[in-house]
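Me: Please take a close look at a single part of this structure for me, and then work outward to whatever surrounds it. I am happy with plenty of detail.

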Amino acid sequence: MSDEGCRVLSIQSHVVSGYVGNKSATFTLQVLGFEVDAINSVQFSNHTGYKHVKGQVLNSDELGDLFDGLLLNDIHHYSYLLTGYIGDPSFLQRVGDVVKELKRVNPNLVYVCDPVMGDNGKMYVPESLLPIYKDTIVPLADIITPNQFEAELLTDIKITSEEEARKAMQCLHDKGVGTVIISSSDLGPEDVLIGLGSTENNGLKKGIRIEIPRLPVNFTGTGDLFAALLLAWWDQHPNNLKLVCEKTIATMQKVLRRTLKAAQALAGPGETPSVAQLELRLIQSKKDIETPEMHIKVTEL
């Protein structure tokens, strides 16, 4: 990273309360020294795991207005583009135009795509977003971070084994993506999540596998944090997927364990923490973001 720092354009959700989407990515990247410009794909009171959600979903015209302002003032020069939750098909289609323009201005720009569509067999965005991801967005991505279900959606490959996961990753490589990371999967024992990754660079292919302890609650926003951390450590250690993932998972585990401990304390003995109590403790984890202590080893394949 130069003295001026890397500039990141982050296009994903915004919530007033809590830490998902841009609320998570912006803080994380700024702590690690990045300049972050954020465009919000939605503006919600809170994430969609709550009983009630109020707010707005932005469309392509609104994205176009914001991006045109950057273009007219010649302030659209970025090192990275990061995209996450997008709720409107026209908005996602326009993201494709944004990627092309940013890569025209900076051919070395790295596009990190978190194709947020669903989890555990259920989509929580309109199904009409899927063909846009497949046909327009994925071929433009340099790094993509789907979970197991999203990888299945993008490749039409049912993933029930690590071999099938590797086939799905190869399918995404074949579409032009240099680095594919399946951020979590249910391919291991009950208490373990399996992460898998693959890079193709100048004809050389490398793979990684990581066993991630599964905690006994469901968090929201983990994928947003994962993608932001991955981007940051990729900038420090380009093409060293093993080290990048070790640092990313190290911080993830610290944040999630701190969050769980705080939530259990608030809920009381024997009680299940509420959605609000399980909001990620990002601010309290600043030191763990800056200097991750690596205890989980990534296996190179």
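**One helix and its surroundings**

Reply: The buried residues of helix α1 are covered by elements that include β1 (7-15), β2 (35-44), β4 (80-83), α7 (222-236) and α9 (286-290). Before going on, a word on the ground rules: this is a predicted model, in which local features need pLDDT of at least 70 and side-chain atom pairs count only at pLDDT 80 or more, while totals for chains, interfaces and linings use all residues. Residues are numbered from 1 along each chain as its sequence is written, and side-chain values use heavy atoms, with hydrogens and water left out.

Now to α1 itself, residues 21-31. Nine of its 11 residues are buried, so the helix is largely enclosed by the rest of the structure. Buried here means under 20% relative accessible area, with exposed being over 50% and partly exposed in between (1.4 Å probe, protein chains only). The buried residues are G21, N22, S24, A25, T26, F27, T28, L29 and V31. Helices (H or I, at least four residues) and strands (E, at least two) are DSSP runs numbered from the N terminus. After α1 comes G33, which has a positive phi near 95 degrees.

Three of the strands around α1, namely β1, β2 and β4, belong to an open sheet of 10 strands with mixed pairing, in the order β3-β2-β1-β4-β5-β8-β9-β10-β11-β12. At its edges are β3 (55-57) and β12 (299-300), each of which pairs on one side only. Pairing requires that DSSP finds at least two bridges between the strands. β4 and β5 pair in the parallel sense over four bridges, and T83 stands opposite C113 in β5. Helix α7, which also helps to cover α1, packs on this sheet and touches β1, β4, β5, β8, β9 and β10. Its direction makes about 165 degrees with that of β4; axes are lines fitted to C-alpha atoms, for helices over the stretch in contact, and angles run from 0 to 180 degrees between N-to-C directions. Contact means heavy atoms within 4.5 Å.

Following the sheet onward from β5 brings us to β8 and β9. Strand β8 (residues 143-144) pairs with β9 in the parallel sense over two bridges, and I143 has T179 as its bridge partner in β9. In β9 (residues 179-182), T179 and I181 point one way, V180 and I182 point the other, and all are buried. That fits a general pattern: in a regular strand the side chains alternate between the two faces of the sheet. On to β10 (residues 192-201): β9 runs antiparallel to this strand, joined by four bridges, with T179 opposite T199 and I182 partnered by L196. Eight of the 10 residues of β10 are buried, so this strand is largely enclosed as well. Ten bridges would be a lot to list, so here is one pair from the antiparallel match of β10 with β11 (residues 204-213), which has 10 bridges: L193 stands opposite I212. The hairpin of β10 and β11 has two residues between the strands, and N202 there takes a positive phi near 55 degrees.

What of the nonpolar packing? A nonpolar core is a set of buried Ala, Val, Leu, Ile, Met, Phe, Trp, Tyr and Cys residues joined through side-chain atoms within 4.5 Å. The largest has 52 residues, and V95 and Y111 have the most contacts inside it. Helix α3 (residues 89-105) gives this core its largest share, six residues. Leaving aside residues up to four places away in sequence, V95 touches I11, L63, T83, I86, Y111 and I137. Apart from this core lies another, of 47 residues, with V112, I143, L193 and M252 among them.

One more helix invites comparison with α1. Seven of the nine residues of α4 (residues 129-137) are buried, so α4 is also largely enclosed by the rest of the structure. Those seven are L129, L130, I132, Y133, K134, T136 and I137, and they pack against α3, β5 (110-113) and α5 (148-155).

Stepping back, the protein chain has nine helices and 12 strands, and buried residues make up 54% of its 301 residues. Its C-alpha trace spans about 55 × 45 × 40 Å along the principal axes.
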